[in-house]
Amino acid sequence: MGQFGVALKIIVQGQVQGVGFRPRLKRLADSLDLPGWVRNQGDQVQLQVPAEHPALTAFLEGLRQLTPELSLSRHILDKPLPQPFTILPSLSVPADSLLQLPADRGICAACRAEYHDPSSRRFHYPLISCHDCGPRLAILQRMPFCREHTSLQPWQPCPLCQAEFADAGNRRFHSELISCPQCGPQVRLLGESACVADAISAGLACLKRGGVLGVKSQSGFQLLCRASDEQAVARLRDNKRRPFKPLAVLVESAAQARRLAILTTAEIDLLEAPARPIVLVTKRGDTDLPIAANVSAGTPDCGLMLPVSGLHLALVDGVGEPLVCTSANVSGEPLLYDDAEMANRWRELCDLCLSHDLPVMLPQDDSVVMNTSGCTQILRRGRGFSHARLQLPGAGSVLAWGGDLKHAFAFSRADQVILSPFIGDMETIPVRQRQQRVLQHLAQLHDCTPQQSARDLHPGYHTHGMAASHSDVTPLNVQHHVAHVALNDALCPLPERYLALAWDGTGWGEQGDGWGSEAFLVEQGRLRRVAMLAPFSLPGGEAAVRQPWRVALALCFHAGMALQDCEEYLLQRRVPQQAIRVVWQMLERGLNAPPCHSMGRLFDAVSCWLTVCDTQHFEGDAPLRLQALASTCRATDRMFPITNEEVDGMHIGRWQPAWISLLNACQQNTDPAQLAFAFHQGIIQWALALARIFDVTDLSLSGGCFQNRLLQSLLLQQQTNGIRIHWPATIPVNDGGLAVGQLQALARGWTHLI
Amino acid sequence: MTDERILLIHGSGGESTRQLIQQRLLPACGNEWLNPLTDAAVLPLLQGRPVFTTDGYVVSPPFFPGGDIGMLSVIGTCNDLAMMGAIPRWLSLSFILEESLPLERFDKILTSIRSAADEAGVQIVTGDTKVVERGKADQIFITTAGVGELLLPAPLQPSRIQPGDAILLSNDIGRHGMAVLARREGIQLDLDLQSDVALLSPLIQALVQQGIELHCARDLTRGGLGGALLELATQSGCGFQVNEVDIPVVPAVAAACEWLGFDPLFVANEGCCVLFVPASQASAASEVLQQFHAGRWATRIGTVTEACKDVRLKNAFGIQRPLSWHTVDQLPRIC
């Protein structure tokens, strides 16, 4: 035994940096008079305390309450442990796996109170933060997390802040990002120089007179305007070139949120969570808060968000009403975050722009989440979630390129996976450039550059080509829907045998045809495709996605109807007659009408028939309208069943009779809401019939169609009938989750279907 | 022997063949080099360098709105020569005829060839005729070869494209492909869609004569404007930035493409070319082109850049996307 005794070496993992862990440990050790030290090391926290000490048991108990993820070992000391317990400088170490990065956290209740407290030093300080809140990943330059490794480094804490930092009794004891109005980054107007109070007053005045205000948020720039002002919203939409897609609304508190929407406890928890996401909730019909019609038309839901920073608080409090809050960018580019670029461009996006000098290192969009019948789903994984590291046994060292829509990439090392934040649609150059920059930044942070890569099978995807240029090793292809299925396989507690449904708008099938209504039977790790909808054509290819009436006409054609039986209905929907006639000829001749069996397109067609949606303005527009219509119907026994026909070992879902029944019912002036609901029921019944045919009790749901809240709740109701429903709570079921699915598909050997 | 249709015997090399040539081909195409009907034409020396090209024409249907396979074969070959900066001089024509092709149709094609050759100022100096059984060829296939004369100090070619050059388009796009497709598929569009087939050599020569420093030219046939730009970017090693809003598309083509789900960028043309000139001469060049009917919509559409290596399209809001080969099958049997 060494002359200095033996220490207990403790390594703590998980979300342990940037959360005030070390100062809490120091307080605990000091309260027990325990010598030793603690420091951030890599992405972990390491500490040493005496292996024999009367207070050791109490210390370990206290430590376990802070975090359960401990590993202990004994270590012979070659010098004495420091007394009192000391926080040592952080240590960078090479990692053999991926790092757990610190999460960005929205302003906490204590800081909100301080912000409003005139006696506090940080009264009305827009960049107020503490152990529990503030930017982390957004400003991180390298690990481990400490002030010197963030973009806050140039700002030296003033003597008062230094004193608070050193004072174990202070709330901000050892708070890495400590700052105050005197020593912290200053809020100012772009294009002018003004001190804090003036800048924010100017911003408030701009909002109050119906202007569009640019604001630098925790992870990028945003555009805000009063949500009650239809003209302001119209101007904001013009500036963004986003005429139709719903906009999120920033509210001051959960109480204010309750005035706009009917909220469950789970939804309030999501609103107030540190990730501070946009939560999709059901609008309240009897709201007393005026919200302009053009904020989120065509859907029964609205996206609400609570303030993320003190700056948000200043604005939403100052104006006294909800504010539209959306990313600052023109449609087709990613959100703006660079100060120099915003300085050049803010005039085209807003009337005034509030910014500050703290650089954002990793731009991230706000996350979007929803909770249906108690089950949470992340629709967009951005700020507040993108730091999280996932466990994926067998993942190897691979860079997965995901898909083109709602792009996010992922890389793996030693059974761990990082999914990038939501990037956007890869069609445009600015988004692709952002992807490259984020890839570089994350690869650097994790010190990880895998040579092997995986990509979607689709040869026309931009990511397909980018994957090939990025590395010398030929990328492995993973079929789109197999990746969707694999995602659930990795993340959900599924048994050895289950049925996986991958339903979405489109995905390149193994023969280059358009898949989208796939059912796979998974048993003993093997994947077998067993069912799909009967195929139909998409006249005009991509044009059929923008114009769902084309799909509707195609369904009429394939159901054996004559043109005169369906033309009138479409004419009433203001589809030009010449266009209808040309498309019908295309169907008859098979001209530029590629085959598909996409569930998403089926929804589009039904939506077109039952609502006013003959043109889709954004992804999911048509099905959202259909869901909105269906949700006004309480319940109905009516159903439009899809029958199964077995052909060469595949179960083909015949939608033709359902379509014809739907059209007939429409003709008889049945309430379209009932028909919309009945259509949803029919789809569910098809899924359940398949479950019965294959004798499974577990259904795995993936693909963008399962973002439909009505489908979700109808399926969840089936849990009382012994069916278990599975979808991942932490990764999107839409194409945003493809990359992780691709990694799992590789690990499972699902790059070729059986 | 008079018969209403092409028969196998017309290709046998005997009396029927001789009559076909004497009574139909020579009156239409004849000249001092073709008339002797020797195995090959012995041509005079050219002042400039000889430029040589070949092409095959299988357009279906052979008669389409605005043109036919005959004039297309002459004009298309002349245009290929003109794209190098050469003046078209001599053509060869090789016919593969399907047994039972109506002679009247063949005559019309020959007449069309004659007009086109006269307009282009070229001579058909040698040729061949074969006949195959019914079903082995779709009415008529024409293979050509063409010789042109390059009087410029250097040919037009992709290696001469330089960063900063202006990218010009000689006319609107998409008319040929849409017109042919509509006729072939029998789709009633109720639109006035005519092929844009037109001779481009006079336009090139006019530019040269007006002192425009032409670096490169390419006619937009299969693959359309998009295909030509992608090829040229690779061949020149340069990047192109193109403004979508500056690309002229007539309403009839826009409507047809919209209804049928095609992108005008990848639809074939037969009387349109993309040109690369120094930026300072862009306006002057456009004005020269606009003097011609085949250049009435001539305009600048973009710039050659060092900033990238691919072709980028900028939309009305200034957002760029990269141009890539369409995953949709390109239209078959367009030229």
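**Exercise 1.** Work out which strands helix 8 of chain B lies across.

*Solution.* Step 1: find helix 8 at residues 282–290 of chain B; helices (H or I, at least four residues) and strands (E, at least two) are DSSP runs, numbered from the N terminus. Step 2: look beneath it for strand 7, strand 10 and strand 11 (299–305) of chain B, which this helix lies across. Step 3: check its direction, which runs at about 15° to strand 7 of chain B. Axes here are lines fitted to C-alpha atoms, for helices over the stretch in contact, and angles run from 0 to 180 degrees between N-to-C directions; contact means heavy atoms within 4.5 Å.

A word on the model: it is predicted, so local features need pLDDT of at least 70 and side-chain atom pairs count only at pLDDT 80 or more, while totals for chains, interfaces and linings use all residues. Residues are numbered from 1 along each chain as its sequence is written, chains are lettered from A and ligands numbered from 1 in the order in which they are written, and side-chain values use heavy atoms, leaving out hydrogens and water.

**Exercise 2.** Trace the open sheet of chain B and find its edges.

*Solution.* Step 1: put the seven strands in the order 8-10-7-11-9-12-13, with mixed pairing; two strands pair if DSSP finds at least two bridges between them. Step 2: go to the ends, where strand 8 (216–219) and strand 13 (320–322) of chain B each have a single partner strand, so one side of each has no neighbour in the sheet. Step 3: add the twist, which averages 25° from one strand to the next. Step 4: zoom in on strand 7 (residues 166–169) and strand 10 (residues 273–277) of chain B, an antiparallel pair with four bridges. There, B:Leu168 stands opposite B:Leu275.

**Exercise 3.** How many residues of helix 7 of chain B are buried, and what covers them?

*Solution.* Step 1: count seven of the 10 residues in helix 7 (residues 251–260) as buried (under 20% relative accessible area, with exposed over 50% and partly exposed in between; 1.4 Å probe, protein chains only). That's why this helix is largely enclosed by the rest of the structure. Step 2: pick out the buried ones, including B:Cys257 and B:Trp259. Step 3: look at the cover, which includes helix 15 (548–558) and helix 17 (577–589) of chain A as well as helix 4 (175–185) of chain B. Step 4: just past helix 7 of chain B, spot B:Gly261 with a positive phi of about 80°.
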